[in-house]
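Here's a quick tour for anyone meeting this structure for the first time. Have a look at the sequence and the model, then read on.

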Amino acid sequence: MTTTGLEKRDWAALEQKYYQGTFKRQPITLVRGEGVRVWDTDGKSYIDFVAGIAVNVLGHCHPAIVQAVQEQVTQLIHVSNLFYNVRQIELAEQLAEQSGGMRSFFSNSGAEANEGAIKLARKYGRLHRNGAYEIISMKRSFHGRTLATTAATGQDSYQATWQPLPDGFQQVPFNDLDAVKAATSDKTAAILVEAVQGEGGIWPASQEFMQGLRQWCDEKNLVLICDEVQAGMGRTGTFFSWQHYGITPDIVTMAKGLAGGIPIGAMLTGPRTDLFQPGDHGTTFGGNPVACAAGVATVKTIMEEHLLENATKMGEYWNTKLEELCAKYDIIDSPRGIGLMRAVHVKNDLAGTLVEKALKNGLLLNALGGDTLRMIPPLILTPADIDEAAQILDRTLEEVTR
Ligand SMILES: Cc1ncc(COP(=O)(O)O)c(C=O)c1O
(Lines give C-alpha, C1' and ligand atoms only; values in the text may rest on other atoms or scores of the structure.)
Protein backbone atom coordinates (compact mmCIF):
# COMPACT_ATOMS: atom_id res chain seq x y z
CA MET A 1 0.00 0.00 0.00
CA THR A 2 1.04 3.63 -0.38
CA THR A 3 0.88 6.00 2.55
CA THR A 4 1.41 9.34 0.83
CA GLY A 5 5.15 9.36 1.58
CA LEU A 6 4.63 10.17 5.27
CA GLU A 7 6.35 6.94 6.26
CA LYS A 8 9.73 8.37 5.29
CA ARG A 9 9.90 10.46 8.45
CA ASP A 10 11.11 9.10 11.80
CA TRP A 11 7.84 9.37 13.70
CA ALA A 12 9.19 8.06 17.01
CA ALA A 13 11.96 10.69 17.07
CA LEU A 14 9.59 13.46 16.01
CA GLU A 15 7.13 12.46 18.70
CA GLN A 16 9.81 12.68 21.33
CA LYS A 17 10.55 16.21 20.22
CA TYR A 18 7.00 17.51 19.82
CA TYR A 19 4.63 15.42 21.95
CA GLN A 20 4.43 15.18 25.74
CA GLY A 21 5.63 11.92 27.17
CA THR A 22 2.24 10.70 28.36
CA PHE A 23 2.07 7.40 26.52
CA LYS A 24 4.32 4.38 26.49
CA ARG A 25 4.02 3.55 22.80
CA GLN A 26 4.50 0.27 20.99
CA PRO A 27 7.23 0.71 18.36
CA ILE A 28 4.99 0.96 15.29
CA THR A 29 3.19 3.81 13.52
CA LEU A 30 -0.21 2.79 12.20
CA VAL A 31 -1.46 4.47 9.05
CA ARG A 32 -4.34 2.40 7.72
CA GLY A 33 -7.07 0.10 8.95
CA GLU A 34 -9.69 -2.11 7.36
CA GLY A 35 -11.93 -4.59 9.17
CA VAL A 36 -10.01 -6.29 11.98
CA ARG A 37 -6.64 -5.37 10.47
CA VAL A 38 -4.31 -2.37 10.64
CA TRP A 39 -1.16 -1.55 8.64
CA ASP A 40 2.00 0.25 9.72
CA THR A 41 4.27 2.61 7.76
CA ASP A 42 6.23 -0.39 6.38
CA GLY A 43 3.04 -1.93 4.99
CA LYS A 44 3.12 -4.70 7.62
CA SER A 45 -0.36 -5.85 8.71
CA TYR A 46 -1.62 -6.78 12.18
CA ILE A 47 -4.79 -8.40 13.50
CA ASP A 48 -6.11 -5.85 15.96
CA PHE A 49 -7.17 -7.31 19.32
CA VAL A 50 -6.75 -3.88 20.95
CA ALA A 51 -9.26 -2.07 18.69
CA GLY A 52 -8.41 1.39 20.00
CA ILE A 53 -8.96 -0.03 23.51
CA ALA A 54 -12.48 -1.30 22.92
CA VAL A 55 -13.37 1.58 20.56
CA ASN A 56 -13.43 0.11 17.04
CA VAL A 57 -16.47 -2.10 17.62
CA LEU A 58 -17.16 -2.31 13.85
CA GLY A 59 -13.47 -2.73 13.05
CA HIS A 60 -11.57 -0.13 11.09
CA CYS A 61 -13.18 2.14 8.51
CA HIS A 62 -16.48 0.24 8.39
CA PRO A 63 -18.32 1.42 5.24
CA ALA A 64 -21.41 2.38 7.29
CA ILE A 65 -19.38 4.77 9.47
CA VAL A 66 -17.36 6.11 6.54
CA GLN A 67 -20.52 6.86 4.58
CA ALA A 68 -22.35 8.42 7.54
CA VAL A 69 -19.39 10.71 8.35
CA GLN A 70 -18.78 11.60 4.70
CA GLU A 71 -22.41 12.55 4.19
CA GLN A 72 -22.60 14.51 7.44
CA VAL A 73 -19.44 16.57 6.83
CA THR A 74 -20.91 17.80 3.56
CA GLN A 75 -24.13 18.87 5.33
CA LEU A 76 -23.25 20.25 8.77
CA ILE A 77 -20.05 19.68 10.76
CA HIS A 78 -20.79 21.55 13.95
CA VAL A 79 -23.69 23.40 15.43
CA SER A 80 -24.05 24.79 18.93
CA ASN A 81 -26.20 23.07 21.50
CA LEU A 82 -28.22 26.28 21.44
CA PHE A 83 -30.08 24.67 18.51
CA TYR A 84 -31.85 21.36 17.87
CA ASN A 85 -29.62 18.82 16.17
CA VAL A 86 -31.16 16.00 14.10
CA ARG A 87 -28.32 13.44 14.49
CA GLN A 88 -28.14 14.04 18.25
CA ILE A 89 -31.85 13.32 18.64
CA GLU A 90 -31.64 10.25 16.37
CA LEU A 91 -28.79 8.78 18.43
CA ALA A 92 -30.59 9.54 21.70
CA GLU A 93 -33.67 7.81 20.29
CA GLN A 94 -31.64 4.69 19.45
CA LEU A 95 -30.10 4.63 22.94
CA ALA A 96 -33.57 5.01 24.48
CA GLU A 97 -34.65 1.92 22.53
CA GLN A 98 -31.70 -0.05 23.87
CA SER A 99 -31.95 1.17 27.48
CA GLY A 100 -35.69 0.95 28.07
CA GLY A 101 -36.41 4.63 27.59
CA MET A 102 -33.48 6.48 29.19
CA ARG A 103 -32.75 10.05 28.07
CA SER A 104 -29.25 10.96 26.85
CA PHE A 105 -26.73 13.73 27.31
CA PHE A 106 -23.75 13.58 24.94
CA SER A 107 -20.19 14.57 25.80
CA ASN A 108 -16.82 13.81 24.20
CA SER A 109 -15.24 11.08 26.33
CA GLY A 110 -15.84 8.53 29.04
CA ALA A 111 -14.37 10.69 31.79
CA GLU A 112 -16.69 13.52 30.83
CA ALA A 113 -19.68 11.18 30.77
CA ASN A 114 -18.79 10.09 34.31
CA GLU A 115 -18.34 13.72 35.41
CA GLY A 116 -21.91 14.32 34.23
CA ALA A 117 -23.11 11.26 36.16
CA ILE A 118 -21.34 12.45 39.32
CA LYS A 119 -22.95 15.88 39.02
CA LEU A 120 -26.37 14.36 38.43
CA ALA A 121 -25.97 12.04 41.45
CA ARG A 122 -24.97 15.05 43.57
CA LYS A 123 -28.05 16.92 42.41
CA TYR A 124 -30.16 13.89 43.37
CA GLY A 125 -28.48 13.84 46.80
CA ARG A 126 -29.12 17.55 47.26
CA LEU A 127 -32.80 17.28 46.31
CA HIS A 128 -33.75 13.85 47.68
CA ARG A 129 -31.21 12.76 50.32
CA ASN A 130 -30.60 15.78 52.53
CA GLY A 131 -27.58 17.01 50.64
CA ALA A 132 -25.78 13.65 50.42
CA TYR A 133 -22.93 13.84 47.91
CA GLU A 134 -20.58 10.93 48.45
CA ILE A 135 -20.06 8.27 45.76
CA ILE A 136 -19.03 4.73 46.62
CA SER A 137 -17.06 3.10 43.81
CA MET A 138 -15.06 -0.13 43.60
CA LYS A 139 -11.46 -1.02 44.13
CA ARG A 140 -9.69 -1.94 40.88
CA SER A 141 -12.19 0.24 38.96
CA PHE A 142 -11.33 2.84 36.33
CA HIS A 143 -13.52 5.85 35.57
CA GLY A 144 -11.28 8.39 33.82
CA ARG A 145 -8.47 10.95 34.13
CA THR A 146 -10.21 14.13 35.27
CA LEU A 147 -9.77 14.96 38.95
CA ALA A 148 -13.23 13.76 40.01
CA THR A 149 -13.07 10.57 37.95
CA THR A 150 -9.54 9.95 39.25
CA ALA A 151 -10.97 10.26 42.76
CA ALA A 152 -13.63 7.70 41.79
CA THR A 153 -11.04 5.33 40.29
CA GLY A 154 -10.11 2.56 42.73
CA GLN A 155 -6.44 2.20 41.90
CA ASP A 156 -3.76 3.92 44.00
CA SER A 157 -1.36 4.18 41.07
CA TYR A 158 -3.74 6.56 39.30
CA GLN A 159 -4.37 8.68 42.39
CA ALA A 160 -1.08 9.10 44.26
CA THR A 161 0.45 11.97 42.28
CA TRP A 162 -2.71 14.11 42.24
CA GLN A 163 -3.55 14.38 45.92
CA PRO A 164 -5.50 16.14 47.26
CA LEU A 165 -8.31 14.81 45.09
CA PRO A 166 -11.89 16.13 45.23
CA ASP A 167 -13.77 15.13 48.36
CA GLY A 168 -16.71 12.75 48.36
CA PHE A 169 -15.39 9.47 46.99
CA GLN A 170 -14.50 6.19 48.63
CA GLN A 171 -13.76 2.72 47.29
CA VAL A 172 -14.74 -0.69 48.57
CA PRO A 173 -13.76 -4.18 47.33
CA PHE A 174 -15.52 -5.24 44.11
CA ASN A 175 -18.17 -7.97 44.42
CA ASP A 176 -18.44 -7.37 48.19
CA LEU A 177 -21.98 -6.24 48.98
CA ASP A 178 -21.38 -6.21 52.74
CA ALA A 179 -18.53 -3.74 52.20
CA VAL A 180 -20.83 -1.47 50.19
CA LYS A 181 -23.44 -1.61 52.94
CA ALA A 182 -20.86 -0.92 55.65
CA ALA A 183 -19.53 2.09 53.71
CA THR A 184 -22.99 3.62 53.15
CA SER A 185 -23.79 6.60 55.38
CA ASP A 186 -26.07 9.63 55.43
CA LYS A 187 -23.56 11.30 53.14
CA THR A 188 -23.85 8.63 50.42
CA ALA A 189 -25.64 9.69 47.24
CA ALA A 190 -24.66 7.01 44.73
CA ILE A 191 -22.87 3.78 43.93
CA LEU A 192 -20.73 3.71 40.80
CA VAL A 193 -19.80 0.34 39.29
CA GLU A 194 -18.51 -1.32 36.11
CA ALA A 195 -20.54 -4.53 35.71
CA VAL A 196 -17.44 -5.89 34.00
CA GLN A 197 -14.28 -4.18 35.21
CA GLY A 198 -12.08 -3.30 32.23
CA GLU A 199 -8.82 -1.55 33.08
CA GLY A 200 -8.74 -3.45 36.37
CA GLY A 201 -8.22 -6.73 34.50
CA ILE A 202 -11.56 -7.93 32.95
CA TRP A 203 -13.52 -9.01 36.02
CA PRO A 204 -17.27 -9.58 35.61
CA ALA A 205 -19.38 -8.78 38.68
CA SER A 206 -21.34 -11.64 40.29
CA GLN A 207 -25.11 -11.81 39.83
CA GLU A 208 -25.59 -11.46 43.59
CA PHE A 209 -23.47 -8.32 43.68
CA MET A 210 -25.25 -6.43 40.90
CA GLN A 211 -28.70 -7.48 42.06
CA GLY A 212 -27.74 -6.71 45.64
CA LEU A 213 -26.55 -3.22 44.63
CA ARG A 214 -29.87 -2.52 42.90
CA GLN A 215 -31.82 -3.64 45.98
CA TRP A 216 -29.58 -1.66 48.32
CA CYS A 217 -29.99 1.49 46.22
CA ASP A 218 -33.78 1.06 46.21
CA GLU A 219 -33.85 0.45 49.95
CA LYS A 220 -31.60 3.39 50.86
CA ASN A 221 -32.75 5.81 48.17
CA LEU A 222 -29.32 5.82 46.46
CA VAL A 223 -28.47 6.29 42.79
CA LEU A 224 -27.01 3.31 40.93
CA ILE A 225 -24.57 4.38 38.19
CA CYS A 226 -23.22 1.81 35.73
CA ASP A 227 -20.06 2.80 33.87
CA GLU A 228 -20.47 1.12 30.47
CA VAL A 229 -17.65 3.03 28.81
CA GLN A 230 -15.67 -0.14 28.08
CA ALA A 231 -18.21 -2.97 28.50
CA GLY A 232 -21.09 -1.30 26.65
CA MET A 233 -21.96 -1.18 22.92
CA GLY A 234 -22.36 -4.93 22.64
CA ARG A 235 -18.90 -5.94 23.72
CA THR A 236 -20.16 -8.51 26.23
CA GLY A 237 -22.91 -9.87 23.95
CA THR A 238 -25.70 -7.63 25.27
CA PHE A 239 -25.95 -3.96 24.33
CA PHE A 240 -25.18 -2.95 27.95
CA SER A 241 -23.28 -5.29 30.24
CA TRP A 242 -25.77 -4.67 33.09
CA GLN A 243 -28.36 -6.46 30.96
CA HIS A 244 -26.69 -9.75 31.97
CA TYR A 245 -27.84 -9.13 35.53
CA GLY A 246 -31.59 -8.50 35.15
CA ILE A 247 -31.29 -5.03 36.67
CA THR A 248 -31.64 -1.48 35.39
CA PRO A 249 -29.34 1.24 36.75
CA ASP A 250 -30.49 4.81 37.28
CA ILE A 251 -27.63 6.34 35.31
CA VAL A 252 -25.47 4.80 32.56
CA THR A 253 -22.28 6.21 31.10
CA MET A 254 -20.88 5.35 27.69
CA ALA A 255 -18.08 6.41 25.31
CA LYS A 256 -15.39 4.37 23.47
CA GLY A 257 -17.35 2.27 20.92
CA LEU A 258 -20.43 4.48 20.79
CA ALA A 259 -19.45 6.16 17.52
CA GLY A 260 -17.13 3.39 16.28
CA GLY A 261 -14.01 5.56 16.60
CA ILE A 262 -15.25 9.14 16.40
CA PRO A 263 -14.94 10.77 19.87
CA ILE A 264 -18.15 10.81 21.87
CA GLY A 265 -19.43 10.16 25.39
CA ALA A 266 -22.95 9.71 26.72
CA MET A 267 -24.66 9.91 30.08
CA LEU A 268 -28.09 8.28 30.12
CA THR A 269 -30.63 8.54 32.90
CA GLY A 270 -33.90 6.93 33.82
CA PRO A 271 -36.84 9.00 35.10
CA ARG A 272 -35.87 8.81 38.80
CA THR A 273 -32.67 10.80 38.26
CA ASP A 274 -33.70 12.85 35.22
CA LEU A 275 -33.05 16.11 37.06
CA PHE A 276 -30.87 18.33 34.89
CA GLN A 277 -32.43 21.63 33.95
CA PRO A 278 -31.17 24.26 31.50
CA GLY A 279 -27.88 25.66 32.83
CA ASP A 280 -27.03 22.70 35.10
CA HIS A 281 -24.60 21.12 32.68
CA GLY A 282 -23.34 21.71 29.17
CA THR A 283 -20.71 21.21 26.49
CA THR A 284 -19.55 22.88 23.29
CA PHE A 285 -18.75 19.79 21.23
CA GLY A 286 -20.77 17.07 22.97
CA GLY A 287 -23.39 15.65 20.65
CA ASN A 288 -21.69 17.13 17.61
CA PRO A 289 -23.52 16.18 14.37
CA VAL A 290 -20.55 14.27 12.89
CA ALA A 291 -19.96 12.23 16.07
CA CYS A 292 -23.68 11.52 16.39
CA ALA A 293 -23.99 10.53 12.70
CA ALA A 294 -21.20 8.02 13.31
CA GLY A 295 -22.99 6.87 16.46
CA VAL A 296 -26.28 6.37 14.63
CA ALA A 297 -24.49 4.30 11.95
CA THR A 298 -22.66 2.28 14.62
CA VAL A 299 -25.75 1.36 16.65
CA LYS A 300 -27.72 0.57 13.46
CA THR A 301 -24.95 -1.67 12.15
CA ILE A 302 -24.57 -3.51 15.46
CA MET A 303 -28.26 -4.40 15.27
CA GLU A 304 -28.50 -5.10 11.52
CA GLU A 305 -25.37 -7.25 11.42
CA HIS A 306 -26.36 -9.13 14.61
CA LEU A 307 -23.10 -8.20 16.28
CA LEU A 308 -24.40 -8.85 19.81
CA GLU A 309 -24.89 -12.50 18.88
CA ASN A 310 -21.54 -12.49 17.09
CA ALA A 311 -19.76 -11.09 20.17
CA THR A 312 -21.22 -13.93 22.25
CA LYS A 313 -20.34 -16.65 19.74
CA MET A 314 -16.89 -15.36 18.85
CA GLY A 315 -16.16 -14.68 22.51
CA GLU A 316 -16.91 -18.29 23.36
CA TYR A 317 -14.84 -19.55 20.43
CA TRP A 318 -11.89 -17.32 21.38
CA ASN A 319 -12.18 -18.56 24.95
CA THR A 320 -11.86 -22.20 23.81
CA LYS A 321 -8.64 -21.18 22.05
CA LEU A 322 -7.43 -19.46 25.22
CA GLU A 323 -8.26 -22.55 27.27
CA GLU A 324 -6.26 -24.71 24.84
CA LEU A 325 -3.30 -22.33 25.03
CA CYS A 326 -3.50 -22.19 28.84
CA ALA A 327 -3.38 -26.00 28.91
CA LYS A 328 -0.39 -26.01 26.55
CA TYR A 329 1.71 -23.23 28.12
CA ASP A 330 2.49 -22.99 31.79
CA ILE A 331 2.99 -19.19 31.78
CA ILE A 332 -0.68 -18.36 31.16
CA ASP A 333 -3.75 -19.45 33.08
CA SER A 334 -7.25 -18.41 34.27
CA PRO A 335 -8.91 -17.34 31.02
CA ARG A 336 -11.80 -15.08 31.92
CA GLY A 337 -14.26 -12.53 30.60
CA ILE A 338 -17.49 -12.37 28.71
CA GLY A 339 -18.26 -11.87 25.01
CA LEU A 340 -15.34 -10.14 23.32
CA MET A 341 -13.92 -8.74 26.55
CA ARG A 342 -11.32 -11.34 27.56
CA ALA A 343 -8.13 -11.74 29.54
CA VAL A 344 -5.67 -14.35 30.78
CA HIS A 345 -3.38 -14.24 33.78
CA VAL A 346 0.33 -14.19 32.85
CA LYS A 347 3.02 -15.50 35.19
CA ASN A 348 6.50 -14.06 35.82
CA ASP A 349 5.50 -10.52 34.85
CA LEU A 350 5.66 -11.52 31.18
CA ALA A 351 2.53 -9.80 29.85
CA GLY A 352 4.53 -6.92 28.33
CA THR A 353 6.97 -9.34 26.68
CA LEU A 354 4.07 -11.29 25.18
CA VAL A 355 2.58 -8.08 23.77
CA GLU A 356 5.93 -7.09 22.17
CA LYS A 357 6.52 -10.51 20.62
CA ALA A 358 2.91 -10.88 19.42
CA LEU A 359 3.22 -7.50 17.73
CA LYS A 360 6.32 -8.70 15.85
CA ASN A 361 4.26 -11.74 14.79
CA GLY A 362 1.37 -9.59 13.53
CA LEU A 363 -1.11 -9.57 16.43
CA LEU A 364 -1.93 -6.50 18.55
CA LEU A 365 -2.64 -7.30 22.21
CA ASN A 366 -2.70 -5.23 25.37
CA ALA A 367 -1.05 -5.80 28.76
CA LEU A 368 -2.61 -4.64 32.02
CA GLY A 369 0.36 -4.49 34.37
CA GLY A 370 2.80 -7.40 34.10
CA ASP A 371 0.30 -10.14 34.84
CA THR A 372 -2.72 -9.66 32.58
CA LEU A 373 -3.15 -9.97 28.83
CA ARG A 374 -6.31 -8.21 27.63
CA MET A 375 -8.15 -8.94 24.36
CA ILE A 376 -10.91 -6.56 23.22
CA PRO A 377 -11.19 -7.06 19.43
CA PRO A 378 -13.81 -5.63 17.05
CA LEU A 379 -17.26 -7.26 17.28
CA ILE A 380 -17.12 -8.16 13.55
CA LEU A 381 -14.53 -10.87 14.27
CA THR A 382 -14.91 -14.13 12.28
CA PRO A 383 -13.86 -17.71 13.16
CA ALA A 384 -11.08 -17.42 10.55
CA ASP A 385 -9.73 -14.28 12.29
CA ILE A 386 -9.78 -16.13 15.60
CA ASP A 387 -7.96 -19.15 14.14
CA GLU A 388 -5.28 -16.85 12.76
CA ALA A 389 -4.93 -14.88 16.01
CA ALA A 390 -4.76 -18.11 18.03
CA GLN A 391 -1.98 -19.43 15.77
CA ILE A 392 0.01 -16.23 16.24
CA LEU A 393 -0.50 -16.28 20.00
CA ASP A 394 0.55 -19.96 20.07
CA ARG A 395 3.75 -19.13 18.18
CA THR A 396 4.38 -16.16 20.45
CA LEU A 397 3.95 -18.22 23.62
CA GLU A 398 6.32 -20.82 22.22
CA GLU A 399 8.97 -18.16 21.57
CA VAL A 400 8.60 -16.66 25.04
CA THR A 401 8.77 -20.01 26.84
CA ARG A 402 11.48 -21.56 24.63
C1 LIG B 1 -14.76 1.87 32.40
C2 LIG B 1 -14.14 3.15 31.91
N3 LIG B 1 -14.64 4.33 32.31
C4 LIG B 1 -14.13 5.49 31.89
C5 LIG B 1 -13.04 5.53 31.06
C6 LIG B 1 -12.49 6.86 30.61
O7 LIG B 1 -12.82 7.06 29.28
P8 LIG B 1 -12.06 8.18 28.41
O9 LIG B 1 -10.65 7.72 28.24
O10 LIG B 1 -12.83 8.25 27.13
O11 LIG B 1 -12.15 9.45 29.19
C12 LIG B 1 -12.47 4.33 30.61
C13 LIG B 1 -11.28 4.34 29.75
O14 LIG B 1 -10.57 3.39 29.62
C15 LIG B 1 -13.03 3.11 31.06
O16 LIG B 1 -12.52 1.94 30.67
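## Where Lys 256 sits

Let's start with Lys 256, which lies in the loop that links β11 (251-254) to β12 (265-269). Keep in mind that you're looking at a predicted model. Why pick this lysine? An unreviewed UniProt entry puts the feature "modified residue: N6-(pyridoxal phosphate)lysine" at Lys 256.

Is Lys 256 buried or exposed? Neither, quite: with a relative accessibility of 23%, Lys 256 counts as partly exposed, because buried means under 20% and exposed means over 50%.

## Who it touches

Set aside the neighbours within four places in sequence, and Lys 256 still has plenty to list. Its contacts include Ile 53, Ala 54 and Val 55. Val 229 and Gln 230 are also among them, as are Gly 261 and Ile 264.

## The chain as a whole

Zooming out, the chain is built with 13 helices and 17 strands. Its radius of gyration is 21 Å, close to the 21 Å that the globule rule gives for 402 residues, so the chain is as compact as a globular protein of that length. Along the principal axes, the C-alpha trace spans about 60 × 50 × 45 Å.

How much of the chain is buried? Of its 402 residues, 54% count as buried. Looking at contacts with a separation of 6 or more, 72% come from residues 24 or more positions apart.

## Surface and charge

The chain's accessible surface comes to about 18,200 Å², and carbon and sulfur atoms account for 51% of that. As for charge, there are 37 positive and 46 negative ones, with mean positions 4 Å apart.

Note on methods: Residues are numbered from 1 along each chain as its sequence is written. This is a predicted model: local features need pLDDT of at least 70, side-chain atom pairs count only at pLDDT 80 or more; totals for chains, interfaces and linings use all residues. Side-chain values use heavy atoms; hydrogens and water are left out. Helices (H or I, at least four residues) and strands (E, at least two) are DSSP runs, numbered from the N terminus. The radius of gyration is taken over C-alpha atoms; the globule rule is 2.2 Å times the number of residues to the power 0.38. Buried means under 20% relative accessible area, exposed over 50%, partly exposed in between (1.4 Å probe, protein chains only). Contact means heavy atoms within 4.5 Å. Accessible areas come from the Shrake-Rupley method with a 1.4 Å probe; for residues, only the protein chains shown count as cover. Lys and Arg count as positive and Asp and Glu as negative; His and the chain ends are not counted. The place of a charge is taken as NZ of Lys, CZ of Arg, CG of Asp or CD of Glu. UniProt positions are given in the numbering used here, feature names are shortened, and annotations may be inferred rather than shown by experiment.
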